[in-house]
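Subject: Structure for your review

Dear colleague,

Please find below the sequence and structure that I am handing over to you. My account of what was found follows directly after them.

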Amino acid sequence: MFFTIPTVMTWTRIVAIPLIVGVFYAPFDPGTRNLIAAVMFIVFAATDWLDGFLARRLNQTSSFGAFLDPVADKFLVCAALLVLVHLQRADVFVALIIIGREIAISALREWMAHIGAGKSVAVHMIGKVKTTVQMVAIPFLLYDGTVWGVDTGYWGRWLIWAAAILTVWSMVYYLQKAVPEIRARVEK
């Protein structure tokens, strides 16, 4: 099912990438750019939860949707991280950790599915916590101002480093689950 409501919502996260990047080239003052980019990121990131909910609720789950959903999430997060590095609001080392992990775990999941052991690297709570921290840190850093007395730039920098630590932790967790399965298949 290529054009279901949930799948179209997933596609919006991919379409959002040039829009969020483009905001920083628009002829607005910096505060307006930051606000628009942060709100756009929040709205599009929220579609991740909503498309999954609707897919189950409307009985419109599909293997294509299950494939596209994490790809869209990774594109959105990676693009936002690159913008933040460019704006000097996130350290390049943090971006390398997060983007590198996403590539490594995606490849690992692909390999595990190929050898019939995909369930051993299914999404775990540590991965969900990592994603949640990222999804809070990124709009904080995109906004980079004060909201209700909260310095979002300051807290965003702490949160993105926390996300980087959780990223490494989750990668180690998934690798620990995968290595026995890989060894078992290689030794045969």
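**A buried pair and its surroundings**

Arg13 and Asp51 are both buried. Please bear in mind that the model is predicted.

The side chains of these two residues, Arg13 and Asp51, form a salt bridge, with N and O 2.8 Å apart. This salt bridge joins distant parts of the chain, since Arg13 belongs to helix α1 and Asp51 to helix α2, 38 residues apart.

Arg13 also meets a second acidic partner: its side chain forms a salt bridge with that of Asp48, at 3.6 Å from N to O. Here too the pair links distant parts of the chain, with Asp48 in helix α2 (residues 30–57), Arg13 in helix α1 (residues 5–23), and their positions 35 residues apart. How do Asp48 and Arg13 stand with respect to burial? Asp48 has a relative accessible area of 22% and is therefore partly exposed, because the buried class ends at under 20%. Arg13, at a relative accessible area of 1%, falls under that 20% cut-off and is therefore buried.

These contacts belong to a wider arrangement. Arg13, Asp48, Asp51, Asp69 and Asp73 are linked in a network of salt bridges. Across the whole structure, the search finds eight salt bridges.

One of the salt bridges is formed by Arg101 and Glu102, whose closest N and O atoms are 3.2 Å apart. Arg101 has 4% relative accessibility and so counts as buried. Glu102, at 6% relative accessibility, likewise counts as buried.

**Two further residues of helix α2**

Thr47 lies in helix α2. With 10% relative accessibility, Thr47 counts as buried, because this value is under 20%. Which residues does Thr47 contact, leaving aside its neighbours within four places in sequence? They are Met9, Thr12 and Arg13. Thr47 and Asp69 are 22 residues apart in sequence, and their C-alpha atoms are 9.9 Å apart in space.

Phe53 is also found in helix α2. Its relative accessible area of 34% makes Phe53 partly exposed, because this value lies between the limits of 20% and 50%. Phe53 and Pro6 are separated by 47 residues in sequence, while the distance from C-alpha to C-alpha is 8.3 Å.

**Helix α3 and its packing against helix α5**

How does the span of α3 agree with its number of residues? At 1.5 Å a residue, the 24 residues of α3 should span 34 Å, and the C-alpha atoms at its ends are 35 Å apart, so the two values agree. Just after α3, Gln88 adopts a positive phi of about 60°.

Two packed helices are described by the angle between their axes and by the distance between those axes. Helix α3 (residues 63–86) packs with helix α5 (residues 125–143) at an angle of about 35°, and their axes are 10 Å apart. The crossing in which α3 passes α5 is left-handed. On the α3 side, the contact is made by Val77, Ala80, Val83 and Leu84. On the α5 side, it is made by Gln134, Met135, Ile138, Leu141 and Leu142. By class, the contact of α3 with α5 comprises eight nonpolar residues, one polar residue and no charged residues.

With kind regards

Conventions: Residues numbered from 1 in each chain as written. Predicted model: local features only at pLDDT ≥ 70, side-chain atom pairs only at ≥ 80, totals over all residues. Heavy atoms only, no water. Axes fitted to C-alpha atoms, helices over the stretch in contact; angles between N-to-C directions. Helix = DSSP H or I, 4+ residues; strand = E, 2+ residues; numbered from the N terminus. Left-handed = near helix turned anticlockwise from the far one by under 90°. Contact = heavy atoms within 4.5 Å. Nonpolar A, V, L, I, M, F, W, Y, C, P; charged D, E, K, R; others polar. Salt bridge = Lys/Arg side-chain N within 4 Å of Asp/Glu carboxyl O. Buried < 20%, exposed > 50% of the residue type's maximum accessible area, 1.4 Å probe, protein only. Expected span 1.5 Å × (residues − 1).
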